[in-house]
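Subject: Structure handed over, with notes on what was found

Dear colleague,

Please find the structure we talked about just below, together with its sequence. My notes follow it, and I would be glad if you read them with the coordinates open.

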Amino acid sequence: MKRFVLSAPPNPEGMVRLYDKDYHYLVRVRRLGPGSCFDAILPSGGEVRLRVLSTVDNILIGECLDLPDKPPSPIPPIALFQALPKGAKMDTIVRQAGEGGVSVIAPFESEYSAAHPGTEKLKRWQRIIREARQQSGSATETVVRPPCGFAAALEYWESLKKAYERPVGIALHQEPLEKGGFHDYIGYNPDFVALAVGPEGGFSPREVSLFLAAGFKPVLMGNTILRVETAALYGTAALRIILLESESWILKG
């Protein structure tokens, strides 16, 4: 179900002012006018109902009819550590992650990555995420980080390990380095899950060693070779489904 996603929270008085593309979408496309009400998702993930007060001078002014707290997430946050692929594949990965409720996308340059895109694509990815959330109705606030190098990605992982009590890191790999799978690694009620996906050609042996030294667990998903964008979707979807259904399979005590 499509729902409008606010790019900024309401002010302390519960008012919003929407311009440009947001105004065009709500007023020209959805044909909302003064007195109309619509549901929206706050940047934090909560839902709110808005009433249009004015559409003068290409500015939509609305008031919140309620301001609920952010609902608790049924699963822990998922971060996608994505090595930069070739061409426009990252756009596809970002869109699918935004639709699928991934909390953080951390693009980084690995040894087999294409050229580093710099930060110029960051705004494009943020726009793609917003459109994806609006299309899918995802209540998860998806944040995409600026692209960085491999060392900086590991530093970010170390900061996450300090911020959470039971973080789990999983690296998709093309070789069966261990017998463990998703269920084995997330069966102890993690409060944060990170998934690392390589570019075309996967991770180099050196990078795999560094991931393992940082606490990541390697997972081989089946016996087929997946495209980069397929691996990211496949992996995050598998994690999300397993986490959502954890109460039915997780071993107690």
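Trp-125 has its place in helix H3, and in this model, which is a predicted one, Trp-125 is buried, with a relative accessible area of 1%. Although Trp-125 and Asp-91 are 34 residues apart along the chain, their C-alpha atoms are separated by 6.6 Å, and the side chains of the two residues are joined by a polar contact of 2.9 Å.

Asp-91 itself belongs to helix H2, which covers residues 89–99. Is Asp-91 buried or exposed? With a relative accessibility of 12%, Asp-91 counts as buried, because the limit for that class is under 20%. Leaving aside residues up to four places away in sequence, Asp-91 touches Arg-124, Trp-125 and Ile-128. With Arg-124, Asp-91 forms a salt bridge in which the closest N and O atoms are 2.7 Å apart. This pair links distant parts of the chain, since Asp-91 sits in helix H2 and Arg-124 in helix H3, 33 residues apart. The side chains of Asp-91 and Arg-124 are also joined by a polar contact, again of 2.7 Å. Arg-124, for its part, is partly exposed, with a relative accessible area of 37%, whereas its partner Asp-91 is buried.

On charged pairs in general, side chains of opposite charge can pair when their charged atoms come close. How many salt bridges does a search of the whole structure find? The search finds nine, and besides the one already described, two others may be useful to look at. One of them is between Lys-89 and Glu-200, with the closest N and O atoms 3.1 Å apart. Lys-89 lies in helix H2 and Glu-200 in the loop between S11 and helix H6 (205–213), so this pair ties together parts that are 111 residues apart in sequence. Lys-89 is partly exposed, its relative accessible area being 24%. The other is formed by the side chains of Glu-165 and Arg-166, which meet at 3.5 Å, N to O. In that pair, Glu-165 counts as exposed at 69% relative accessibility, while Arg-166 is partly exposed, with a relative accessible area of 33%.

Turning to the nonpolar interior, the largest nonpolar core has 33 residues, and of these Ile-170 and Phe-182 touch the most other members. At least two residues of this core are supplied by each of strand S6 (78–83), H2, helix H3 (122–136), strand S10 (167–172), helix H5 (182–185), strand S11 (192–197) and helix H7 (228–244). Helix H7 gives the most to this core, with seven residues. If residues up to four places away in sequence are not counted, the contacts of Ile-170 include Phe-182, Tyr-185, Ile-186, Leu-195, Phe-216, Val-219 and Leu-239. Apart from this core lies another one, of 22 residues, among them Ala-106, Leu-154, Ala-196 and Ala-214.

There is also a sheet to describe. Five strands form an open sheet with mixed pairing, in the order S1-S3-S4-S5-S2. Strand S1 (4–5) and strand S2 (15–18) stand at its edges, each with a single partner strand, so one side of each is left without a neighbour in the sheet. For strand S2 the partner is strand S5 (residues 60–64); the two run antiparallel and are joined by four bridges. Within this pairing, Val-16 stands opposite Gly-62 in S5.

Finally, some totals for the chain, which may help when you set the local features in context. The protein chain has eight helices and 12 strands, and buried residues make up 49% of its 253 residues. Among contacts between residues at least 6 apart in sequence, 73% join residues at least 24 apart. The chain exposes about 13300 Å², of which carbon and sulfur atoms supply 53%.

With best wishes

Terms used:
Residues numbered from 1 in each chain as written. Predicted model: local features only at pLDDT ≥ 70, side-chain atom pairs only at ≥ 80, totals over all residues. Heavy atoms only, no water. Pairing = 2+ DSSP bridges. Buried < 20%, exposed > 50% of the residue type's maximum accessible area, 1.4 Å probe, protein only. Polar contact = N/O pair within 3.5 Å; in protein donor to acceptor, adjacent residues only side chain to side chain. Contact = heavy atoms within 4.5 Å. Core = buried A, V, L, I, M, F, W, Y, C linked by side-chain atoms within 4.5 Å. Salt bridge = Lys/Arg side-chain N within 4 Å of Asp/Glu carboxyl O. Areas by Shrake-Rupley, 256 points an atom, 1.4 Å probe, with all protein chains shown as cover.
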